[in-house]
Amino acid sequence: MRIATWNVNSIKARLPTVLEVLDAISADVVCLQELKCETDAFPYLEIEEKGWNCAVHGQKAYNGVAILSKFPLEDVSKEMAALKDDAARYIEATVMCPRPVRVAGVYVPNGNPAPGEKYDYKLEWSEALEQQAAHMLRAEQPFVICGDYNCIPGPEDCWDDSAWNTDALGLPETRATFRRLKHLGLTEAFEACDGRAHQYTFWDYQAGAFQKDHGIRIDHVLACPRMADRLQGIEIYREARALEKPSDHVPVIATFAD
DNA sequence: ATGGTAGGGGGCCTA
């Protein structure tokens, strides 16, 4: 089975592209971030028409996450146990593929400017996610946590570390929150399957960043031990960034043995 | 050179 994550930067502005890319990547489950639409305004009809089941946690203008699945979605939850959050940044559901897997889709706060209130919120949110992961590890069901972590794991995951290690996405304390998550016993799919330096999932719209390959790797798939045992590969669908009216992020797809 | 671009919503904020 293939599980993908993609920050679409507005589902409404991107719908034709999203449908085209969903066809191209052949995933069974897709976590989407930055829908930028309310739950009721999600384009259910157009996406369900292509065979997807949709679980959506939207809000007006900002944030918004969804899980799409070719298999039935069950037991949808839109909150982490440890955080009452006004922002729509979290969604969790069980997919039957055919064995049940718990899938969490996350949109971790950007955190800029750092230091400041926004960065404090990022750290608070990351702490709640760590607690959520710990809770899921204690439960019996295998799981993955996919999404836009807004974290550049290491200096090799951006084009110029000196440009990023003082940014909220690359600060040592940000990288520490991501390491703590992994140290609970989660496997980062890219690290386990590929691990090459300078492979990116986001390029800014500004200053010709994509053309210069000035990117960062901030979209990640983390797997529990049992799912890590089934992990077969990771792909970054870079082609999506070269399309007309692209998102600034591209899909990341992890393949697991059935 | 502290800009640049994109999206949403409503006259700036987030990224």
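This is a conversation between a student and a tutor about a predicted model.

Student: What makes chain A as compact as a globular protein of its length?

Tutor: Begin with its content: chain A comes to 7 helices and 14 strands. Its radius of gyration is 17 Å, and the globule rule gives 18 Å for 258 residues, so the two values are close and chain A is as compact as a globular protein of that length. Along the principal axes, the C-alpha trace spans about 45 × 45 × 35 Å.

Student: Why are helices H3 and H5 called roughly parallel?

Tutor: Their axes cross at roughly 5°. Angles under 35 degrees count as roughly parallel, so H3 and H5 earn that description. H3 covers residues 117-138 and H5 covers residues 172-183, and their axes come within 10 Å.

Student: Which residues make the contact between H3 and H5?

Tutor: On the H3 side they are Leu123, Ser126, Leu129, Glu130 and Ala133, and on the H5 side Glu173, Thr177, Arg180 and Leu181. By class, this contact divides into 4 nonpolar, 2 polar and 3 charged residues.

Student: What makes E5 and E9 the edge strands of their sheet?

Tutor: Each of them pairs on one side only. The sheet is open, has 6 strands with mixed pairing, and its order is E5-E6-E7-E8-E12-E9. Strand E5 is 73-77 and strand E9 is 187-188.

Student: How do you know that E9 pairs with E12?

Tutor: Two strands pair if there are at least two bridges between them. E9 and strand E12, residues 219-223, are joined by 2 bridges, so they meet that cut-off, and they run antiparallel. Glutamate 188 stands opposite leucine 222 in E12.

Student: What is the strand order in the other open sheet, the one that contains E3?

Tutor: That sheet, also of 6 strands and with mixed pairing, has the order E3-E4-E2-E1-E14-E13. Its edge strands, each pairing on one side only, are E3 (53-57) and E13 (231-236). On average, neighbouring strands here are turned by 15° against each other, direction ignored.

Student: How do you know that E2 and E4 are paired?

Tutor: Strand E2 (residues 29-33) and strand E4 (residues 65-69) share 5 bridges, and the cut-off is at least two, so they count as paired, here in the antiparallel sense. One example to look up is valine 29, whose bridge partner in E4 is serine 69.

Student: What is noteworthy about alanine 61?

Tutor: Alanine 61 has a positive phi of about 75° although it is not a glycine. You will find alanine 61 in the loop between E3 and E4. Ala61 is also among the closest residues to DNA strand B, together with Ser10, Ala13, Asn110 and Gln206.

Student: How many residues surround DNA strand B, and what makes them count as near?

Tutor: There are 15 of them. The cut-off for being near is a C-beta atom within 6 Å of the strand. The surface near DNA strand B divides into 6 nonpolar, 4 polar and 5 charged residues.

Student: Where are the cis peptide bonds at proline 98 and proline 113?

Tutor: One runs from cysteine 97 to proline 98, with omega near -20°. Proline 98 lies in the loop between strand E6 (90-96) and strand E7 (100-107). Another runs from asparagine 112 to proline 113, with omega near -5°. Proline 113 sits in the loop between E7 and H3.

Terms used:
Residues are numbered from 1 along each chain as its sequence is written. Chains are lettered from A and ligands numbered from 1 in the order in which they are written. This is a predicted model: local features need pLDDT of at least 70, side-chain atom pairs count only at pLDDT 80 or more; totals for chains, interfaces and linings use all residues. Helices (H or I, at least four residues) and strands (E, at least two) are DSSP runs, numbered from the N terminus. Ala, Val, Leu, Ile, Met, Phe, Trp, Tyr, Cys and Pro count as nonpolar, Asp, Glu, Lys and Arg as charged, and the others, Gly among them, as polar. Axes are lines fitted to C-alpha atoms, for helices over the stretch in contact, and angles run from 0 to 180 degrees between N-to-C directions. Angles under 35 degrees count as roughly parallel, over 145 as roughly antiparallel, 65 to 115 as roughly perpendicular and the rest as oblique. Two residues are in contact if their C-beta atoms, placed from the backbone, lie within 7 Å. The radius of gyration is taken over C-alpha atoms; the globule rule is 2.2 Å times the number of residues to the power 0.38.
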